[in-house]
2 protein chains.
Amino acid sequence: MNKNKDVVGEEPSGALMADVARLAGVAISTVSRALANPGRVNEKTRAKINAAARQLGYTPNAMARGLRVGKSNVIMIILPGSLYYGASQVIPQVLQSINKSLIQGGYNLMIANLDRDEISERHILDLAFGGSVRGAIILSSKLPEVDGRSLANSGLPIVSMLLDMSDAGLQSVVTNDREAVRDVTAELIRLGHRRFFYLAGPEGNYHDVERYGGVLEALEAAGLSEDSVHRSGGHLDYQHGFDIGVQAADDFAELTEKPTAVIATSDDMAISFVSRVQRMGLSIPGDLSVVSFDGSPVCEFCSPPLSTIKQPVEEMGRTAVDLLLDAIGQRENTAAVRTVIRSSLIPRESIAAPKS
Amino acid sequence: MNKNKDVVGEEPSGALMADVARLAGVAISTVSRALANPGRVNEKTRAKINAAARQLGYTPNAMARGLRVGKSNVIMIILPGSLYYGASQVIPQVLQSINKSLIQGGYNLMIANLDRDEISERHILDLAFGGSVRGAIILSSKLPEVDGRSLANSGLPIVSMLLDMSDAGLQSVVTNDREAVRDVTAELIRLGHRRFFYLAGPEGNYHDVERYGGVLEALEAAGLSEDSVHRSGGHLDYQHGFDIGVQAADDFAELTEKPTAVIATSDDMAISFVSRVQRMGLSIPGDLSVVSFDGSPVCEFCSPPLSTIKQPVEEMGRTAVDLLLDAIGQRENTAAVRTVIRSSLIPRESIAAPKS
DNA sequence: CGGTTTTTGGCAAACGTTTGCTATAAATTG
DNA sequence: CAATTTATAGCAAACGTTTGCCAAAAACCG
């Protein structure tokens, strides 16, 4: 029954349930129940079976089980390629927290990369329709869809994280982007700032809309016109957050009437932007206040330490997993809710009142 | 044959090979061959089958196939929890490059977390012995091993990355840690530095041994004693690279005879260290030259821009995958070679000749 | 045109589990 | 103690593929 035609006896791997059954002197089905359905089998035989299983180093075959029960125990996380770079600071935290929560629930985490090409879409669809995965957490606004097959109606439970896709019928775990940016902008206004520089990521995406919206709301509330803010970036598509900041610094240099406060939509761009404008002779926060989004640890050690809006990504990850596992457990799918986990500003020295 | 007892007709998912066969008017086996073994079936019937498959939106069930052929198509990457934080800067790059290479080879990437606890070890072993994964790339020096089952003799092809584990019989893809550090130390010596401060990660691990060894080699070559270098850190276990730097700065402050050059074993620690000593009034590189390891993009935007030894992690990832897929392809396992991909110093303004 | 090779397609047996159903043994009851 | 219930364990049929083997058909050859 052991397929290792290896060296000596000692089956280092490959013990089957049948082997365990034989060693324990019971039927295969009993072994199966003993291992999974504790109540269904006599305590004494169960002990015998467990002993046999341990002795043989038996590990149940996941694919056989998966095939039989018609479900896998892996969850995929769909990451747009750009994220790896653009928000690289938070990706590891997201993965870590999601993976940890999943494992507690008995699931595994598989990574799926979603790029612009059809290949990566097809690949994800294969995973979804091929029964390889049981659910998905998606960090992209685009749902893969290639000739007829679409992730949207794959029947797969999906929850969106970072981006609000409740409109598309997906449970979404997001932070209060708009509000957080509105508040920090209001605070800058309160400090006396009147001209702003907004460092955008990909234009028109959810984050851009929400965060820029937050800026505008704050301006309006203070009776300031939309012209008080200058947008930069928005085209580079996050490929490297750092590049956006560098380019924005050039933009900034061209401006005749300089803004006094900068609002960046990721820490990376803030960091490179600050570096460049400092080189141009500007002082932070003397000449220019800077605040950004993400809350990466490195901000604390910049000079000056960077104020940043910290996204609670660990908690968002945990929540996303909770929602996903709930959805998997339920028979009928619950309404697509938008769960908000609040970000909070970490105020540091990069913010001050404008000079005069 | 379709198990969706859903609404209308339209099977949105769940088309089986049998369905395709029926629609194409052939036997199941023919469909299987048409899809996988192009040569084995007539071009005309193949076209018919492809059309049918497309029309039904057929996606082969991965678990059924996996069970039948006895192999899965997923590779796991084993990450020690500490890495997520300690070298967070490079993790996304590693994952990205590995995943990309794997997908090209038709494989998927699963994440496995290796912490200090037995649970995570058991979990990894279950993955390995349960036939869930076909191979592993490990970024930890510890091979999971729990009551009898050990990853080492799971029969699973494994390649180690970042750490040299060729002694343990694992193919290893590493960079020339020792040499790179030796060279940069030699360069610092050439510039006139005589007293060094070494910022260590976990003491005694491969990286520590190699890199610190590189420092010592350079010292010896220049006729300097081991006392020329002061070690700091080594206990915090990388949990947060930043913390190590902070604490090291305190260490540094206590020193009566200050070193003039700092060699850090990760960018994170260098960044936080620099931040703290600058706050103490020291100037970089005026009072202190700094160089670190990793090559994270953010170093370019520190003030001053940080010299760093860039590990070619993307290339290392690709290479690791190549080796792994080779090993999977081969019948007998090849010798455990140590493949070295050279790092290179990115010299920036944080290095200069010492003052006096 | 009969005989031989080559293509092509089908049957059915795996792969290692889970689970509905049934059979037996043990326990309970009147 | 017979009759009924309950606990326990076994048989065998799935799950959706792949693939060895065989048969039929087609192509080739002398």
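Let me start with Ser272(A), which sits in helix α11 of chain A, the helix that covers residues 267–279. Please keep in mind throughout that what we are looking at is a predicted model. Is Ser272(A) buried or exposed? The model places 26 other C-beta atoms within 10 Å of this serine, and because a residue counts as buried once 20 or more lie within that distance, Ser272(A) is buried. If we leave aside residues up to four places away in sequence, Ser272(A) touches Phe242(A), Gly245(A) and Val246(A), and it also touches Phe301(B), a residue of the other chain. For a sense of distance, you can look from Ser272(A) across to Thr59(A), which is 213 residues apart from it along the chain, and there the two C-alpha atoms are separated by 50 Å.

A second serine can be described in the same manner. Ser132(A) lies in a loop of chain A, the one between α7, residues 118–129, and β3. This serine has 23 C-beta neighbours inside 10 Å, and therefore Ser132(A) counts as buried. Its contacts, again not counting residues up to four places away in sequence, are Ser72(A), Val74(A) and Leu127(A) within chain A, together with Ala62(B) from chain B. Between Ser132(A) and Gly25(A), which are 107 residues apart along the chain, the C-alpha atoms are separated by 34 Å.

Val74(A), which I have just named as a contact of Ser132(A), brings us to strand β1 of chain A, residues 74–80, where 7 of the 7 residues are buried. Which residues of β1(A) point one way, and which the other way? Val74(A), Met76(A), Ile78(A) and Pro80(A) point to one side, while Ile75(A), Ile77(A) and Leu79(A) point to the other, and all of them are buried. As for the partners of this strand, β1(A) runs parallel to β2(A), to which it is joined by 7 bridges, and in that pairing Pro80(A) stands opposite Leu114(A). β1(A) also runs parallel to β3(A), residues 135–138, with 4 bridges between them, and here Ile78(A) has Ile138(A) as its bridge partner.

Strand β2 then carries us across to the other chain. β2 of chain A, residues 108–114, pairs with β2(B) in the antiparallel sense over 3 bridges, and within that pairing Leu109(A) stands opposite Ile111(B).

How are the two chains related to each other? Chain B can be superposed on chain A by a rotation of 180 degrees, with 0.0 Å of shift along the axis, and the RMSD is then 0.1 Å. That is why we may speak of the relation of a two-fold axis. In chain B, the C-alpha nearest to this axis belongs to Met110(B), at 2.1 Å from it. Both copies use the same surface, since 100% of the contact residues of chain B recur in chain A.

The contact itself takes 49 residues from chain A and 49 residues from chain B. On the side of chain B that touches chain A, at least two residues each come from α4, α6, β2, α7 and α11 of chain B, and the largest share, 7 residues, comes from α6(B). By type, that side of chain B divides into 21 nonpolar, 23 polar and 5 charged residues.

Let me turn to the DNA. Strand C is surrounded by 26 residues, the closest being Met17(A), Ser29(A), Ser32(A), Ala27(B) and Ser29(B). The elements that give two or more residues to this surface are α2 and α4 of chain A, together with α2 and α4 of chain B. Around DNA strand D there are likewise 26 residues, of which Ala27(A), Ser29(A), Met17(B), Ser29(B) and Ser32(B) come nearest. The surface near strand D draws at least two residues from each of α2, residues 28–36, and α4, residues 62–69, in chain A and in chain B. The residues near strand D divide into 13 nonpolar, 8 polar and 5 charged, and those near strand C divide into 13 nonpolar, 8 polar and 5 charged.

I will end with the confidence of the prediction. Chain A has a mean pLDDT of 90, and 93% of its residues reach 70 or more. Over residues 1–13 of chain A, however, the pLDDT is below 50, and this stretch has 16 contacts in the model beyond near neighbours in sequence. Where pLDDT is low, the predicted coordinates should not be read in detail.

Definitions and conventions: Residues are numbered from 1 along each chain as its sequence is written. Chains are lettered from A and ligands numbered from 1 in the order in which they are written. This is a predicted model: local features need pLDDT of at least 70, side-chain atom pairs count only at pLDDT 80 or more; totals for chains, interfaces and linings use all residues. A residue is near a molecule or strand if its C-beta atom, placed from the backbone, lies within 6 Å of it. Ala, Val, Leu, Ile, Met, Phe, Trp, Tyr, Cys and Pro count as nonpolar, Asp, Glu, Lys and Arg as charged, and the others, Gly among them, as polar. Copies are superposed by least squares on the C-alpha atoms of residues with pLDDT of at least 70 in both. Two residues are in contact if their C-beta atoms, placed from the backbone, lie within 7 Å. Two strands pair if DSSP finds at least two bridges between them. pLDDT is the predictor's confidence in each residue, from 0 to 100. A residue is buried if 20 or more other C-beta atoms lie within 10 Å of its own, exposed if 12 or fewer, and partly exposed in between; C-beta atoms are placed from the backbone.
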